[in-house]
Amino acid sequence: MKKKNNQNSVALLGIFLLTLWEIAGRLNWLPVYVIPSPSEFGLVLISDWKPLTYNSLFTLTQAIIGLSIGSTLGFLLAVFMDRFKWIRETIYPYLIVIQTIPTVAIAPVLVLVLGYGMLPKIVLVTITSLFPIVINLLEGFTSVDRDSIDLLELMGANYSQILWHVKLPTSLSYFFSGLKISVTYAFVGSVIAEWLGGFEGLGVYMIHAKQAFAYDKMFAAIVVISMVSLLLMGLVTLIERKTVSWKYHDYKIKDEK
């Protein structure tokens, strides 16, 4: 009941803010040529649904491919960094340095080196989505109860068995936390890469809208980006609920109490 009330409050706040925005636009309190009202870019979502859908699918394809590669590499890297201390001490500082470099600084270099096709976008998404996976999984591995590991070692278990039976089950919630962050990074990173060079995608759509001073189309693209990112996060949350059901079951019991 409490969760449902919170959702209703969020929805009401959103409706209130959109209504306030619409009123401000109709009363000319906002520069209409720069900030269109919700009804204006809402009409664009209807009239331009074909190009928006096509470009969204193109950007989404890049994001999913890059996210899949980044998640896989992040998982393997986290396992190796957990298994071999020297790998962790060697690679971890470089991961931090790469993470501090702005995406808009990496994207043009990748476009110049790899061209204007899909490849540089996928590489950028892979780079941006890898870090949250590695950091969260390492945090999950280190949070494992040491007594459980000692018990398995006394029973003659090797690292692979400890990883499978103890570390991975304990770290699943950490993995999904990192994946939620990576999902948003993936789609937004793909759009940013398209800004700096490309022929298709939401980023290219926004560049064309900006050049034509069609800011209602730009805001419509922003809405689509937000909606797709939220849908991807919702999908990850749904998979997490199925995979780590005990986590949400415990929360449900606490709420009922």
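Helix H5, which covers residues 103–114, supplies the largest share of a nonpolar surface patch, namely four of its residues. Before I go further, please keep in mind that what you see is a predicted model. The patch amounts to about 510 Å², and the residues that make it are Val109, Leu112, Val113, Leu114 and Leu119.

Let me stay with one of these residues for a moment. Leu114 belongs to helix H5, and is Leu114 buried, partly exposed or exposed? Its relative accessibility is 35%, and because the partly exposed class lies between 20% and 50%, Leu114 is counted as partly exposed.

From that patch I would like to turn to the chain as a whole. The protein chain holds 11 helices and zero strands, so if you follow the elements from the N terminus on, you read α-α-α-α-α-α-α-α-α-α-α. The C-alpha trace spans about 75 × 55 × 30 Å along its principal axes. Of the 257 residues in the chain, 38% are buried, while the accessible surface comes to about 15400 Å², with 69% of that surface belonging to carbon and sulfur atoms. If we take the contacts with a separation of 6 or more, residues 24 or more positions apart account for 72% of them.

Now to a pair of helices. How do H2 and H10 pack, and at what angle? Helix H2, residues 38–47, and helix H10, residues 215–243, have their axes 8 Å apart and pack at an angle of about 70°. Because angles of 65 to 115 degrees count as roughly perpendicular, H2 is described as roughly perpendicular to H10. As for the residues that meet there, H2 contributes Glu40, Phe41, Val44 and Leu45, and on the side of H10 we find Asp216, Lys217, Phe219, Ala220, Val223 and Val224.

My last stop is a loop residue, Phe213, which sits in the loop between helix H9, residues 202–211, and H10. What is notable about its backbone is phi, which is near 55°, a positive value in a residue other than glycine. The side of the story that concerns solvent cover is this: with a relative accessibility of 63%, Phe213 counts as exposed, because the exposed class begins over 50%.

To put two residues next to each other in closing, Leu114 in helix H5 is partly exposed at 35%, whereas Phe213, in the loop between H9 and H10, is exposed at 63%.

Key: Residues are numbered from 1 along each chain as its sequence is written. This is a predicted model: local features need pLDDT of at least 70, side-chain atom pairs count only at pLDDT 80 or more; totals for chains, interfaces and linings use all residues. Side-chain values use heavy atoms; hydrogens and water are left out. Patches are made of residues with over 30% relative accessible area and no salt bridge: like charges are joined within 9 Å, nonpolar side chains (Val, Leu, Ile, Met, Phe, Trp, Tyr) within 5 Å. Accessible areas come from the Shrake-Rupley method with a 1.4 Å probe; for residues, only the protein chains shown count as cover. A salt bridge is a side-chain nitrogen of Lys or Arg within 4 Å of a carboxyl oxygen of Asp or Glu. Buried means under 20% relative accessible area, exposed over 50%, partly exposed in between (1.4 Å probe, protein chains only). Axes are lines fitted to C-alpha atoms, for helices over the stretch in contact, and angles run from 0 to 180 degrees between N-to-C directions. Angles under 35 degrees count as roughly parallel, over 145 as roughly antiparallel, 65 to 115 as roughly perpendicular and the rest as oblique. Contact means heavy atoms within 4.5 Å.
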